[in-house]
Amino acid sequence: MAALDTSVALCGVTLRNPLVLASGIWGCCAETLVRVARAGAGAVTAKSCSLAPRQGYPNPTVLDWGAGLINAIGLANPGAAEEREILRQAKAELALLGVSLIASVFGHSRDEFREAVCLVAEAEPDFIELNISCPNVESEFGRPFALDPAAAAGVTAAVRAVYAGRLLVKLSPNTPDIVAVARAVADAGADGLTAVNTLGPGMIIDVRARRPVLGGHVGGISGAALRPIAVRCVYEIAAAVNLPIIGTGGVLSGEDAVQMIMAGATAVGIGSALYRDGEGAFARILGELEDLMRQEGYARLSDFRGCAHS
C-alpha cells in the first residue's frame, strides 16, 4: 500500500495533519501553543480573547464528571492588545515548525468583535476564529449571536468589512437550527466553520457540600458526551454548506476523528483529550487514525471524507 497522506487543505492552507488544538485548551500562552505543535498538532488555536481583559470565574472551573467535562472558565483572557503579543511570539516559533496559528476572538457587540479582530490581526495569524457563543448585548434578550442566523451573520459581515484574512466562525450546538446559522455566516463572508462549541450550560451538584461544584455554578459540556451531537452537527452542515469544517467536540481517539471526517469535516479539533492525556493525545490519536486508514485501505483522508453521506 502507498504511504499514508494525512495532510489537509484548510481554506487554502496545508496542514500536515487534520488535528487542531481547540480554543481554550492550552492556548493561554505562546509556550503551550508551541508545545502542542511540537507534540504533533497540524494547527493550534489560541484561547479566545476579548477587547478588554477578563478575570473569569473563581475555581473550580473544570470538572471531569465521568461522561465528559463541564467547565466554566468565564472566558478569562488578557485582552486583545496583550493577546496580540502572545500571538506574535507564537507565530514566529510555529512558522519554524510548519504549524498554522488560529487566533480566537469574542465580543458582546459587533463593534467589540471588529476592534478585537483588528488588534489580533496585527500579529498575522493564519486564521481568525470568531467565537460567537458569548451573550449578545445588542439583542433585547442577551441571546448569544450563535443562536440566531441574522445576529451571527451581522457579526461575520462586520468583521469581514475590516479583515480580509481567513475567517472561521465557531458555531454552537445549542441553536435550534445550526444549518441556518451556518448558511448565514457563509453568505456573510466566512471562509470556514468550527463545529461545535460546548453544549449547555449544565450543572453538577456536590451532594455533600450541597452546592454546585463549579465556581460559576453552571458550565459548558464537552468530552465524550458531546461527541454524537457534534458529529450530527458536522454532518448536517456539510450536507448544506460548501465550506471547510473543523469538527470539534469529544474527539478522544483516532476512530472519533474518522467519524468527524466521514461526517464531512476537513480538520478535527482536539480539546478534552488533552485534559486526560496531555499533549501526548495528538500523537496517539493520529497514530490510531493512521492504523484505521491502513486497516480500511485508505491512502488519504479524501478517500473517506464525507462518505457517511453516500
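Biologist: What makes the space of about 1300 Å³ a pocket?

Modeller: In this predicted model, where local features need pLDDT of at least 70 and side-chain atom pairs count only at pLDDT 80 or more, totals for linings use all residues. The largest pocket holds about 1300 Å³ of space, and a pocket is, on a 1 Å grid over the protein atoms alone, an open set of points where a 1.4 Å probe fits, with protein on both sides within 12 Å along at least five of seven lines. Among its 50 lining residues, those closest to the centre are Asn71, Leu75, Asn197, Thr198 and Gly220, and a lining residue has an atom within 4 Å of a point.

Biologist: How do you know which strands of the barrel pair, such as E10 and E15?

Modeller: Two strands pair if DSSP finds at least two bridges between them; strand E10 (residues 192–195) and strand E15 (residues 245–248) are joined by 3 bridges and run parallel, so they count as paired. Thr194 stands opposite Ile246 in E15. The closed barrel has 8 strands, in the order E3-E4-E7-E8-E9-E10-E15-E16, with parallel pairing.

Biologist: Why are residues such as Ile178 and Val185 of helix H5 called buried?

Modeller: Buried means under 20% relative accessible area, found with a 1.4 Å probe on protein chains only, and in helix H5 (residues 178–187) the buried residues are Ile178, Val179, Val181, Ala182, Ala184 and Val185. These residues pack against helix H4 (149–160), strand E9 (167–171), E10 and helix H6 (227–240), where contact means heavy atoms within 4.5 Å. Residues are numbered from 1 along each chain, and side-chain values use heavy atoms, with hydrogens and water left out.

Technical notes. Helices (H or I, at least four residues) and strands (E, at least two) are DSSP runs, numbered from the N terminus. Buried means under 20% relative accessible area, exposed over 50%, partly exposed in between (1.4 Å probe, protein chains only). Grid points are joined across faces, edges and corners, and a volume is the space filled by probe spheres set on the points.
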